[in-house]
Structures are given as C-alpha cells and as structure tokens.
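Reader: I'd like a close look at one part of this model rather than a quick tour. Could you pick a single element and tell me how its surroundings fit together?

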Amino acid sequence: MAGRAADTPEARKLSRGFGRLTVLGAVLVLGGIVGLVYTAVATLTSMILFGWLLLVGGLVGLLQAVQSRGSNFFWLGVVVAALNMAAGIVVIRHPEGTAEALTMFAALLFLTGGVFRLVGSVAVRGPQFGWTLVQGAFGLLLGVLVLLDWPHSSLYVLGCFFSLALLFDGLGLIAIGTGGRQMVNMVTSRPSTDQEET
C-alpha cells in the first residue's frame, strides 16, 4: 500500500524534479572539483563567462532602451548598455588583465574588510567579539597573502573562488534534492499507513 501511495502522478513529478536538482548539484560539484584542480583554467573561464554576460546584458539593455525611447531614461539606458557592452568586449579580449584587476580589487576588499572588523571588534567588544576578531584577522591575512603574490595570484584566486562557489552550490542542491525526495516519499506514504491502521 505504501508503494502504491508513493506512485501517484504528483509524487512522481515531484520526485523527478528533486532528482533533477540532485543531478544538477552533482554536475556543479564535479565542475567545482575540476576547477579546484585546474584553477588557472577556471579563472580564465570565469572571466570569459563574465565578459559574455556583460556583453549580452548590454545588448538586452540596449534593446530595452530602444523600446522605451520616448521615456526620460532613454539616454541613461543607452549609456549604461554601451558601457556594459564595452566592458564585456574588453573582458573577453583581455581575460588575464581583467583577472589581475579583479584580484587586486578582491585583495583590497579583504584588507579593508579585515581592518574594519578588527577595529570594530576591539572598539565595540560585543557578544560576538571572538568571531569578529577571527574574521577580521582572516580577511586581513588573506588580503596580504593575495597582494604579496600579485599578479601571479590572479591565476588561481578567482578560479579558486569560482570553483568553491560551484562546489558549495552543488552540495546545497544535492542536499535539497535528496531531502526533497525523502520528504515526498514520507508524505505520500503516510495516508496508506494510516489506512492500514484503521
């Protein structure tokens, strides 16, 4: 009876949907692992992908601006779209230089964020004093390490971040997919067990 209750069309559809999430998560995890092994390739791939996203976003923005050419924001939309397209072309043509610039920017963000967390944790001494102090020290250390090895660090820093994001997103999707399938099986099998008890 429990197997029949779980074989309803709605349950099968939900189970297939959660199964696809699990498969997508596995693909992302695999991509993240490969990216962590080949960080330079992952860095260049992420830069080229970023450039194409900017270019396509600029084209879409330009089309929207042309469609709303009677509005007050027409020229602002054209300028923003042109800047996105120009930035996309530059990123696609020079992915290594873009990676160097973005790595420098990320290192400066780590440094400033670490300094602010350290100073804030010492000045405020709130309930999360220890964690904030550790976070600030870690951010400061990470920023210094990236800057000391710059521009060579641009070959692996962004690729490592991109791959870690893929890995953790994939693990999250796998958890949602497997947990969702288990919940569907639990919910759909419950009515049949209640009927057996009565």
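Author: What follows is a walk around one helix, its partners and a few of its residues.

A word on ground rules: this is a predicted model, where local features need pLDDT of at least 70, side-chain atom pairs count only at pLDDT 80 or more, and totals for chains, interfaces and linings use all residues. Residues are numbered from 1 along each chain as its sequence is written, and side-chain values use heavy atoms, with hydrogens and water left out.

The setting, then. The protein chain has seven helices and zero strands (DSSP runs, H or I of at least four residues for helices and E of at least two for strands, numbered from the N terminus). Along the sequence that reads α-α-α-α-α-α-α. Of the 198 residues, 26% are buried, where buried means under 20% relative accessible area, exposed over 50%, and partly exposed in between, using a 1.4 Å probe and protein chains only. The accessible surface comes to about 12900 Å², and 73% of that belongs to carbon and sulfur atoms (Shrake-Rupley method, 1.4 Å probe; for residues, only the protein chains shown count as cover). Take the contacts between residues at least 6 apart in sequence: 81% of them join residues at least 24 apart. Contact here means heavy atoms within 4.5 Å.

My pick is helix α3, residues 39-67. It packs on helix α4 (residues 74-93) at an angle of about 160°, with the axes 7 Å apart. Axes are lines fitted to C-alpha atoms, for helices over the stretch in contact, and angles run from 0 to 180 degrees between N-to-C directions. That angle is why α3 and α4 count as roughly antiparallel; the cut-offs are under 35 degrees for roughly parallel, over 145 for roughly antiparallel, 65 to 115 for roughly perpendicular, and oblique for the rest. The α3 and α4 crossing is left-handed, meaning that the near helix is turned anticlockwise from the far one by less than a right angle (clockwise would be right-handed). Sort the residues of that contact by class and you get 18 nonpolar, six polar and no charged ones. In this scheme, Ala, Val, Leu, Ile, Met, Phe, Trp, Tyr, Cys and Pro are nonpolar, Asp, Glu, Lys and Arg are charged, and the others, Gly among them, are polar.

One residue to find in α3 is G57. Its C-alpha sits 7.6 Å from that of M85, although the two are 28 residues apart along the chain. With 34% relative accessibility, G57 is partly exposed.

Now for α5. It packs against α3 at an angle of about 95°, with axes 9 Å apart, so the two are roughly perpendicular. From α3 the contact takes T43, L44, M47, I48 and F50, and from α5 it takes P95, E96, T98, A99 and L102. By class, that gives seven nonpolar, two polar and one charged.

T43 deserves a stop of its own. It belongs to α3 and is buried, at 2% relative accessibility. Set aside its neighbours within four places in sequence, and its contacts are A99, S154, L155, Y156, L158 and G159. T45, also in α3, is partly exposed at 43% relative accessible area. Its C-alpha is 9.6 Å from that of G35, which is ten residues away in sequence.

Following α5 onward takes you to α6. Helix α5 (residues 95-124) packs with helix α6 (residues 129-148) at about 150°, axes 7 Å apart, which makes them roughly antiparallel. Here too the crossing is left-handed. The residues in the contact of α5 with α6 come to 16 nonpolar, eight polar and one charged.

One last stop is W150, in the loop between α6 and α7 (157-197). Beyond its neighbours within four places in sequence, W150 touches E100, T103 and M104. The C-alpha atoms of W150 and E100 are 7.7 Å apart, with their positions 50 residues apart along the chain. At 32% relative accessible area, W150 is partly exposed.
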